[in-house]
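Please follow this walk through a protein model from a strand pair to its surface and loops, keeping the sequence and the coordinates side by side.

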Amino acid sequence: MKQIALTGIKPTGQPHIGNYLGMIKPALELAEDYQALYFIADYHALTTVKNKKELEELTYQVAATWLALGLNLEEVIFYRQSDIPEVFELSWVLACFTSKGLLNRAHAYKTLVDENVAAGREEDKNINSGLYTYPILMAADILLFGTHIVPVGFDQKQHLEITRDVAMTFNKTYREVLVVPEAVIRKEVMTISGLDGRKMSKSYNNVIPLFAQSNQVRKQVMRIVTDSKRPEEPKDPDECNVFAIYRHFADADAVEAKRRLYLDGGLGYGDMKNELYELLESTFSKQREQYNALMENRNELDKVLEQGAEKARDIAVPILVKVRKAVGVTGSR
Ligand code: TRP
């Protein structure tokens, strides 16, 4: 039996090319060597997305994106977190093994507290308990499946440390019931820069969406920030935000040729942006069609996710039963 690789995708924004390069592509590759479980963390999104239509829409977008980009349903178990009731039962059990201090120190929570304090507000003002206990739900997502590795971006490192801590505390109290997972941190995630050169991220509003309409993609590409060097001037490709994105999609020869053009002078940013746009179009146009077709057929998406949930529960239930037995409660299937 292959080892288990599991990761969660929080549906909080329209998927963009940074997600593709930093997460989706490596995850799809990893699925060749591991039994992959990839799921949409819709209940995690509920800590911030409080609009029904929006949450539904974003959830379908994530599902359609991964399927259009080639997720193989024969191999990958692909599901919605909210379809797995066992996650929430395990969450409670794990909460009883999670020190409150650990949660106090969790970055996402601490950042909000610091903001409140800096603004002279009461420290927990406007912070919901779901946000506070977020790391526990995440630990349950992971530990419920006997997960060996968890591919995540650097921003999730602390969450994985909390997960490991909770699992070890549980195991020390009883016996080795839970598999203690390893984080696999993808370094590239940090280096995929957005329109302004900062990390591509929805919160910086500097993204190029994967499957938006062509004219919207074009608009974003044209917004990429450059300096004001004229076409004939030599430029440093490694300083250029257009090149930084281009080099991920063009083949090695084309990247090299462009690099030389930058250095020699003779390349205008406008032309370079056009080329990047064309390249993104040719890279993703077929998948975009598939994506659009899937978004038109939500019943099909529901069916796919429900089938995934069934397979996931087949793995989860025996593990939850072991946990119940270990702590001394009964519970039903
Ligand atoms: N917290 C993760 C994020 O914001 C999403 C997530 C939820 C997750 N549960 C998970 C990731 C379990 C890996 C494993 O990106």
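In this predicted model, Thr7 has Tyr38 of β2 as its bridge partner. That bridge belongs to a wider arrangement, for strand β1, covering residues 4-9, and β2 pair in the parallel sense over six bridges.

How many of the six residues of strand β2 are buried? Six of the six residues in β2, which spans residues 35-40, are buried, so this strand is largely enclosed by the rest of the structure. The cut-off behind that reasoning is a relative accessible area under 20%, which is what buried means here. As a general matter, side chains in a regular strand alternate between the two faces of the sheet. In β2, Gln35, Leu37 and Phe39 point one way, while Ala36, Tyr38 and Ile40 point the other way, and all of them are buried. Tyr38, the bridge partner of Thr7, is thus listed with Ala36 and Ile40 in the direction they take from β2.

The segment before β1 holds Lys2, and this residue counts as partly exposed because its relative accessibility is 44%, a value between the 20% and 50% limits that set off buried from exposed. Lys2 and Asp33 are 31 residues apart in sequence, and their C-alpha atoms are 7.4 Å apart in space.

Asp33 leads on to the surface, where it gathers with Glu29, Glu32, Glu74 and Glu75 in a patch of negative charge. Within this group, Glu75 is placed in the loop between α3, residues 52-68, and β3, residues 77-80. With a relative accessible area of 42%, Glu75 is partly exposed.

Two asparagines in loops deserve a look at their backbone angles. Most residues other than glycine have a negative phi. Asn126, by contrast, has a phi near 65°, a positive value in a residue other than glycine. Its position is the loop between α6, residues 107-118, and α7, residues 129-132, and because its relative accessible area is 72%, Asn126 is exposed.

Where does Asn205 lie? Asn205 is found in the loop between α10, residues 188-191, and α11, residues 214-222. Its phi is near 55°, again a positive value in a residue other than glycine. Asn205 counts as exposed because its relative accessibility is 53%, and the cut-off that this step needs is a value over 50%.

Definitions and conventions: Residues are numbered from 1 along each chain as its sequence is written. This is a predicted model: local features need pLDDT of at least 70, side-chain atom pairs count only at pLDDT 80 or more; totals for chains, interfaces and linings use all residues. Side-chain values use heavy atoms; hydrogens and water are left out. Patches are made of residues with over 30% relative accessible area and no salt bridge: like charges are joined within 9 Å, nonpolar side chains (Val, Leu, Ile, Met, Phe, Trp, Tyr) within 5 Å. Accessible areas come from the Shrake-Rupley method with a 1.4 Å probe; for residues, only the protein chains shown count as cover. A salt bridge is a side-chain nitrogen of Lys or Arg within 4 Å of a carboxyl oxygen of Asp or Glu. Lys and Arg count as positive and Asp and Glu as negative; His and the chain ends are not counted. The place of a charge is taken as NZ of Lys, CZ of Arg, CG of Asp or CD of Glu. Helices (H or I, at least four residues) and strands (E, at least two) are DSSP runs, numbered from the N terminus. Buried means under 20% relative accessible area, exposed over 50%, partly exposed in between (1.4 Å probe, protein chains only). Two strands pair if DSSP finds at least two bridges between them.
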